[in-house]
Amino acid sequence: MQTETNPVQEIRTFNRFYTNRIGALDYSRRLHTPYTLTEARVLYELAHTGHTDAADLRAELSVDAGQLSRMLAKFEERGLVSRGPSDQDARRQRVELTAGGREAAALLEERAREAVGEMLSGVAAEDRRRLTEAMRTVREVLGDGQESRAEVRLRGPRAGDLGWVIQRNAQVYAAEFGWNEEYEALVARIVADFAAGFDPEHEAAWVAELNGEPVGWVMCVKDEAPGTARLRLLLVEPGARGHGIGRRLVDQCVGFARATGYRELVLWTNDVLVAARRIYQGAGFELVRQEPHHSFGRDLVGQDWRLLL
């Protein structure tokens with residue numbers, strides 16, 4: 001006779017197994033970093049939202065208010081974060097990563113990925129699929145419905161992402177608007193210039209992931225005009241639209257430009273990109289100039305937009 005499983009006991013057994021497997025109780029030594037698991041998670045959240053109110057961060061992570069306050073004070077002493085009144089409510093505290101904080105978060109991300117890769121190195125391909133499907137099932141069952149099935153995260157670029165954004169820009173715009181290889185060449189130059197002259201103090205790029213898959217991109221770069229940043233190459237995969245990814249990417253870019261000290265953020269787009277224009281307008285951008293041109297094999301109307309920060 002088969003004994004009935006006790007779900008409470010099974011979950012507790014799994015929790016003990018998994019926390020031990022990933023080294024949750026000795027996280028800093030496992031990843032060779034000075035941060036505990038909780039500290040690493042706070043840095044991760046800040047890196048993927050750009051900035052947030054301390055109250056929102058506390059709610060997102062279910063961290064005790066006193067513990068979070070002490071942690072942020074320590075981060076501030078180390079030059080990892082800056083704090084100040086929220087733009088929306090002066091009674092709330094706004095928290096942002098500094099350049100040093102972004103560097104620390106990127107290192108943590110890299111080492112965490114290496115640790116997971118090492119853990120999976122001895123797992124067969126078929127078992128990897130079973131494992132990820134089981135984890136997705138756990139999120140769906142214990143999550144809050146649609147939100148758990150459509151998890152959107154922003155992260156910094158990793159190896160291969162620059163090639164991906166060139167390829168997907170070319171393919172998406174060819175399929176939707178019939179743009180030719182001139183556009184792919186333009187995107188390749190923009191991405192190459194970004195990689196060759198990258199200034200981490202004043203420039204950044206983000207990849208949007210939907211359920212772990214890359215589906216979006218945007219970058220914030222220095223413009224030729226002093227005190228001006230430029231938003232470039234906003235992209236959302238057609239199959240990932242409807243989750244607010246474009247808005248989140250633009251908000252991330254705006255938040256970064258504002259926190260970095262730019263006076264204005266500008267962008268160039270074309271009139272046929274209606275959905276993107278709506279996102280820009282929603283973020284407060286204003287159309288300052290438009291001009292007809294023939295590019296990418298099509299007659300288009302180019303538009304310059306500006307947001308005062």
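**Exercise 1. Find out why cysteine 220 forms no bond with the cysteine sulfur closest to it.**

Solution. Start with the distance: in this predicted model, the sulfur of cysteine 220 lies 3.9 Å from the closest cysteine sulfur, which belongs to cysteine 253, and that is too far for a bond. Now look from the other side: cysteine 253 is in no disulfide either, its nearest cysteine sulfur being that of cysteine 220, 3.9 Å away. The cut-off settles the matter, because a disulfide needs two cysteine sulfur atoms within 2.5 Å. As a last step, widen the view: searching the whole structure gives 0 disulfides.

**Exercise 2. Decide whether cysteine 220 and cysteine 253 are buried or exposed.**

Solution. Recall that a residue counts as buried when its relative accessible area is under 20%. Cysteine 220 has a relative accessible area of 0%, so cysteine 220 is buried. Cysteine 253 also comes out at 0%, so cysteine 253 is buried. For the wider setting, 38% of the protein's 309 residues are buried.

**Exercise 3. Describe how helix 9 and helix 10 are placed relative to each other.**

Solution. First locate the two helices: helix 9 covers residues 161-177 and helix 10 covers residues 181-196. Next take their axes, which come within 9 Å and cross at roughly 160 degrees. Angles over 145 degrees count as roughly antiparallel, and helix 9 and helix 10 are therefore roughly antiparallel to each other. The crossing of helix 9 past helix 10 is right-handed. Then see who takes part: helix 9 brings Leu162, Val165, Ile166, Asn169, Ala170 and Tyr173, while helix 10 brings Tyr183, Glu184, Val187, Ala188, Val191 and Ala195. Sorted by class, this contact of helix 9 with helix 10 has 10 nonpolar, 1 polar and 1 charged residues.

**Exercise 4. Work out where glutamine 290 lies and which residues glutamine 290 contacts beyond its neighbours within four places in sequence.**

Solution. Begin with the element: glutamine 290 belongs to strand 9, residues 286-295. Then check its surface: a relative accessible area of 46% makes glutamine 290 partly exposed. Leaving out neighbours within four places in sequence, its contacts are Val301, Gly302 and Gln303. Take glycine 302 as an example: glycine 302 and glutamine 290 are 12 residues apart in sequence, yet 5.4 Å apart in space from C-alpha to C-alpha.

**Exercise 5. Give the number of helices and strands in the protein, and the share of its contacts with a separation of 6 or more that join residues 24 or more positions apart.**

Solution. Count the elements: there are 12 helices and 10 strands. Then turn to contacts with a separation of 6 or more: residues 24 or more positions apart account for 58% of them.

Note on methods: Residues numbered from 1 in each chain as written. Predicted model: local features only at pLDDT ≥ 70, side-chain atom pairs only at ≥ 80, totals over all residues. Heavy atoms only, no water. Buried < 20%, exposed > 50% of the residue type's maximum accessible area, 1.4 Å probe, protein only. Axes fitted to C-alpha atoms, helices over the stretch in contact; angles between N-to-C directions. Helix = DSSP H or I, 4+ residues; strand = E, 2+ residues; numbered from the N terminus. Parallel < 35°, antiparallel > 145°, perpendicular 65-115°, else oblique. Left-handed = near helix turned anticlockwise from the far one by under 90°. Contact = heavy atoms within 4.5 Å. Nonpolar A, V, L, I, M, F, W, Y, C, P; charged D, E, K, R; others polar.
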